[in-house]
Amino acid sequence: MEKDLPPGEKLVACFRPFLEDLASTSLSRKTVRRHIDNLWVLGGEIIRDLHDTPSLRRKDIAHVLRDVIGDDGGPLIHGGDSEEAQHSFDSTCRKLHRFLIQPSR
């Protein structure tokens with residue numbers, strides 16, 4: 001939807017430094033790709049939250065992002081994905097959370 005473009009672009013801007021950091025590590029291409037795929041899912045879950053709770057649109061998207069991820073992972077994936085997919089997703093969310101709370105961020 002048209003109204004999802006601005007928050008989606010802001011999410012990409014939040015994800016970009018994390019992705020650049022991942023690309024500079026010794027992680028395999030497959031692992032980096034898995035993190036990218038999981039970020040795509042995370043973005044979709046956040047956009048879904050914006051639809052379900054319109055008042056979130058008034059919040060800064062970086063704050064919304066930080067509210068949905070943490071030391072324990074991310075939100076539950078909609079659509080009944082496998083437990084393995086949820087674990088992978090949570091791993092990415094934890095890694096992103098650690099990246100975002102670094103003092104230099």
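This report walks through a predicted model of a protein chain, from its overall build down to a few individual residues.

**Overall build**

The chain is helical throughout its regular secondary structure: there are four helices and zero strands. Reading along the sequence gives the pattern α-α-α-α. For 105 residues, a compact globule would have a radius of gyration near 13 Å, and this chain comes out at 13 Å, so the two agree. Laid along its principal axes, the C-alpha trace spans about 40 × 35 × 25 Å.

Buried residues account for 35% of the 105 residues. Now take the contacts between residues at least 6 apart in sequence: 62% of these join residues at least 24 apart.

**Helix α1**

Helix α1 covers residues 5–23. With 19 residues at 1.5 Å a residue, α1 should span 27 Å, and its end C-alpha atoms sit 25 Å apart, which agrees. There is a kink, though: about 35 degrees at F15, shortly before the proline P17.

Which residues of α1 are buried? They are P7, L11, C14, F15, F18 and L22. So the kink residue F15 is on the buried list too. The buried residues of α1 pack against α2 (29–52), α3 (61–68) and α4.

**Helix α4**

Helix α4 runs over residues 83–100. Its 18 residues reach 25 Å from the first C-alpha to the last, close to the 26 Å expected at 1.5 Å a residue. The buried residues here are Q86, S88, F89, D90, T92, C93, L96, H97, F99 and L100. What covers them includes α1, α2 and α3.

T92 is a good one to zoom in on. This residue sits in α4 and counts as buried, with 1% relative accessibility. Leaving aside neighbours within four places in sequence, T92 is in contact with F18, R34, H35, N38 and L39. With N38 there is also a polar contact of 2.9 Å between the side chains. F18, another of those partners, is itself one of the buried residues of α1.

**Cysteines**

How many disulfides does the model have? The count comes to zero. A disulfide would need two cysteine sulfur atoms within 2.5 Å. The sulfur of C14 has its closest cysteine sulfur in C93, but that is 13 Å away, so the pair is too far apart for a bond. Starting from C93 gives the matching result: C14 holds the closest cysteine sulfur, at 13 Å, too far for a bond. Both cysteines are buried, C14 at 18% relative accessibility and C93 at 1%. The cut-off for buried is under 20%, so C14 at 18% makes the list.

**Loops and the residues around them**

Three residues that count as partly exposed are set out below, with where they sit.

| Residue | Location | Relative accessible area |
|---|---|---|
| L27 | loop between α1 and α2 | 31% |
| K59 | loop between α2 and α3 | 37% |
| H63 | helix α3 | 49% |

L27 touches L22, V32, H35 and K95, not counting residues up to four places away in sequence. Of these, L22 is among the buried residues of α1, and H35 also turns up as a contact of T92. L27 and L39 are twelve residues apart in sequence, and their C-alpha atoms are 16 Å apart in space.

Over in the loop between α2 and α3, K59 is in contact with V64 and D67, again leaving aside neighbours within four places in sequence. What joins the side chains of K59 and D67? A polar contact of 2.6 Å does. Looking further along the chain, K59 and S82 are 23 residues apart, with 31 Å between their C-alpha atoms.

H63 belongs to helix α3. Its C-alpha atom is separated by 17 Å from that of K95, with the two residues 32 apart along the chain. K95 has already appeared as one of the residues that L27 touches.

Methods. Residues numbered from 1 in each chain as written. Predicted model: local features only at pLDDT ≥ 70, side-chain atom pairs only at ≥ 80, totals over all residues. Heavy atoms only, no water. Buried < 20%, exposed > 50% of the residue type's maximum accessible area, 1.4 Å probe, protein only. Helix = DSSP H or I, 4+ residues; strand = E, 2+ residues; numbered from the N terminus. Polar contact = N/O pair within 3.5 Å; in protein donor to acceptor, adjacent residues only side chain to side chain. Contact = heavy atoms within 4.5 Å. Expected span 1.5 Å × (residues − 1). Bend = angle between axes of the 7 residues up to and from the residue. Rg over C-alpha atoms; globule rule 2.2 N^0.38 Å.
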